[in-house]
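This report describes a single protein chain, working from its secondary structure to a few individual residues. Please keep the sequence and the 3D view at hand while reading.

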Amino acid sequence: MSVLLETSAGDIVIDLLVDYAPKLCENFLKLCKIKYYNFSPVYNVQKNFSFQTGDPIGPGQPGSDDGSSIWGVIGGPSKRTFVADIHPKLKHAERGTVSMATIVSPRDPDERLAGSQFIITLGDDLDYLDGKAAIFGKVVEGFDALEKINEAFCDDKHKPMVDIRIKHTVILDDPYDDPAGLVEPPESPVPTPAQLATVRIGEDDKLDGEGGPEATEKARREREARAQALTLEMVGDLPFAEVKPPENVLFVCKLNPVTTDEDLELIFSRFGKILSCEVIRDKRTGDSLQYAFIEYEDQTSCEQAYFKMQGVLIDDHRIHVDFSQSVSKLSGEVEEVTGDGIGVAAEIDMMTEIVIEIGEEAEEMIPTGGAR
């Protein structure tokens, strides 16, 4: 009985110890089956000791309930945890030991309760975890992925600076019948808004590791500031209130940096004639900013693309589409209004830089911290 975890650090295959921990294995398998772990972050990495994941949002984040067992997902919060079967013969002796994180039961101090969070060890002979975490499996493939996670650059709370996430779970063998009420999704679900809000630095963002913690933190702030500027554009924060965005232009974001104008035009042309298709790029480096504008000949084609392409996978990235709030296609008209000739695209670039600077100054004024 095995499960494949596809993570941003690489694939990990886990063999389950069903003879020693049947209920723990059933819980893990069924959570994998309903894709409960998809996009779950690795939120605690302790070098040469262990890493922890399994809460779809992450402990301490808004909206998090610290995760739930499969029976809690089906039956409600009262069944969020269950009594963990900790087998006395199973020890955290080898790297790659997989166990459920547990807490002491409020009803019985000799019992420990588990939910969805699990731990994978990154070192040998970790007897500190014996009796505290409930072993149910072991890694048999993917030790290179474990090493990448072990070497991840983390903050002072052991959270990776660059996101490490579970992308997909694939059940290789399942001996258990499905519990009543379990519904397997027809396809892998897209990340929820609450999950997307926890993204720190995406795995595709390139970092210059020579700068150390300060450079990494600055890159994170810049990414968040760019996201904030992009949100303002999407919700209609236009430079001039009297300028109405065109109704035949589609806004596409969350693109893979490798996606080109030609790729998008080929994919989106099935909905109608495209007048222009442009991936927006950094003017200095030419790197994709991971969003684009697609101008159709008519509004109907634009609407069809909007309804059909939301969440579609392009170059391994699930895109987001919306009706454009940009007036860049009308830049000639706007320049006549402003008289300065800089154009809306240049104004957006300037706004992004200003937001980045403000974001850095504001973050320096806000004390860090928080409770788990």
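Which residues are exposed on the other side of H3? They are Asp144 and Lys148. The model is a predicted one, and the sections below start from the whole chain before returning to this helix.

## Overall composition

The protein chain has 372 residues, of which 44% count as buried. Its secondary structure comes to nine helices and 15 strands.

Among contacts between residues at least 6 apart in sequence, 70% join residues at least 24 apart. Two such pairings of distant chain segments are taken up further on, under Leu4 and Asn38.

## Helix H3

Helix H3 covers residues 143–150, and Ala145, Leu146, Ile149 and Asn150 are buried in it. Viewed down the helix axis, these buried residues fall within an arc of 145 degrees, so they line one face of H3. An α-helix has 3.6 residues a turn, so residues three or four places apart point the same way. Asp144 and Lys148, on the other side of H3, are exposed.

The buried residues of H3 pack against five named strands: E2 (10–16), E3 (44–46), E4 (50–53), E7 (112–121) and E8 (134–141). One of these, E7, is described next.

## Strand E7 and its partners

Nine of the ten residues of E7 are buried, so the strand is largely enclosed by the rest of the structure. The cut-off behind this count is a relative accessible area under 20%.

Which strands pair with E7, and in what sense? E4 runs antiparallel to E7 and is joined to it by four bridges; in this pairing Phe51 has Ile120 of E7 as its bridge partner. Strand E5 (residues 82–83) also pairs with E7 in the antiparallel sense, over two bridges, and Val83 stands opposite Leu113 in E7. Strand E6 (residues 97–104) is antiparallel to E7 as well, over six bridges. Here Val104 has Arg112 of E7 as its bridge partner.

## Cavities

How many cavities of 30 Å³ or more are there? The count comes to two. The largest cavity holds about 60 Å³ of space. Rolling a probe the size of a water molecule over the atoms shows where empty space is left.

The lining of the largest cavity consists of Leu5, Thr7, Ile12, Val42, Phe51, Thr53, Phe118, Ile120, Ile149, Ile164 and Ile166. By class, nine of these residues are nonpolar, two are polar and none is charged. E1, E4 and E7 each supply at least two lining residues. The lining also brings back residues named above: Phe51 and Ile120 are both part of it and are bridge partners, while Ile149 belongs to the lining and is one of the buried residues of H3.

## Leu4

Leu4 lies in strand E1 (residues 2–7). Its relative accessible area is 16%, so Leu4 is buried.

Where along the chain are the contacts of Leu4? Leaving aside neighbours within four places in sequence, Leu4 is in contact with Asp11, Ile12 and Val13, and also with His168, Thr169, Val170 and Leu172. The C-alpha atoms of Leu4 and Ile171 are separated by 6.3 Å, although the two residues are 167 apart along the chain.

## Loop residues

Asn38 is found in the loop between H1 and E3. At 5% relative accessibility, Asn38 counts as buried. Not counting residues up to four places away in sequence, Asn38 touches Ile166, Lys167, His168, Thr169, Ser188, Pro189 and Gln195. The C-alpha atoms of Asn38 and Gln195 are 10.0 Å from each other, with their positions 157 residues apart along the chain. His168 and Thr169 are among the contacts of Asn38 and are also among those of Leu4.

Lys35 is placed in the loop between helix H1 (22–33) and E3. Lys35 is not a glycine, yet its phi is positive, at about 60 degrees. With a relative accessible area of 22%, Lys35 is partly exposed. His158, in the loop between H3 and strand E9 (166–171), is another residue other than glycine with a positive phi, in this case near 70 degrees. His158 counts as partly exposed, at 33% relative accessibility.

How values were computed
Residues are numbered from 1 along each chain as its sequence is written. This is a predicted model: local features need pLDDT of at least 70, side-chain atom pairs count only at pLDDT 80 or more; totals for chains, interfaces and linings use all residues. Side-chain values use heavy atoms; hydrogens and water are left out. Buried means under 20% relative accessible area, exposed over 50%, partly exposed in between (1.4 Å probe, protein chains only). The arc is that of the directions from the helix axis to the C-beta atoms. Contact means heavy atoms within 4.5 Å. Two strands pair if DSSP finds at least two bridges between them. On a 1 Å grid over the protein atoms alone, a cavity is a set of points where a 1.4 Å probe fits but cannot get out, and a pocket is an open set with protein on both sides within 12 Å along at least five of seven lines; lining residues have an atom within 4 Å of a point. Grid points are joined across faces, edges and corners, and a volume is the space filled by probe spheres set on the points. Ala, Val, Leu, Ile, Met, Phe, Trp, Tyr, Cys and Pro count as nonpolar, Asp, Glu, Lys and Arg as charged, and the others, Gly among them, as polar.
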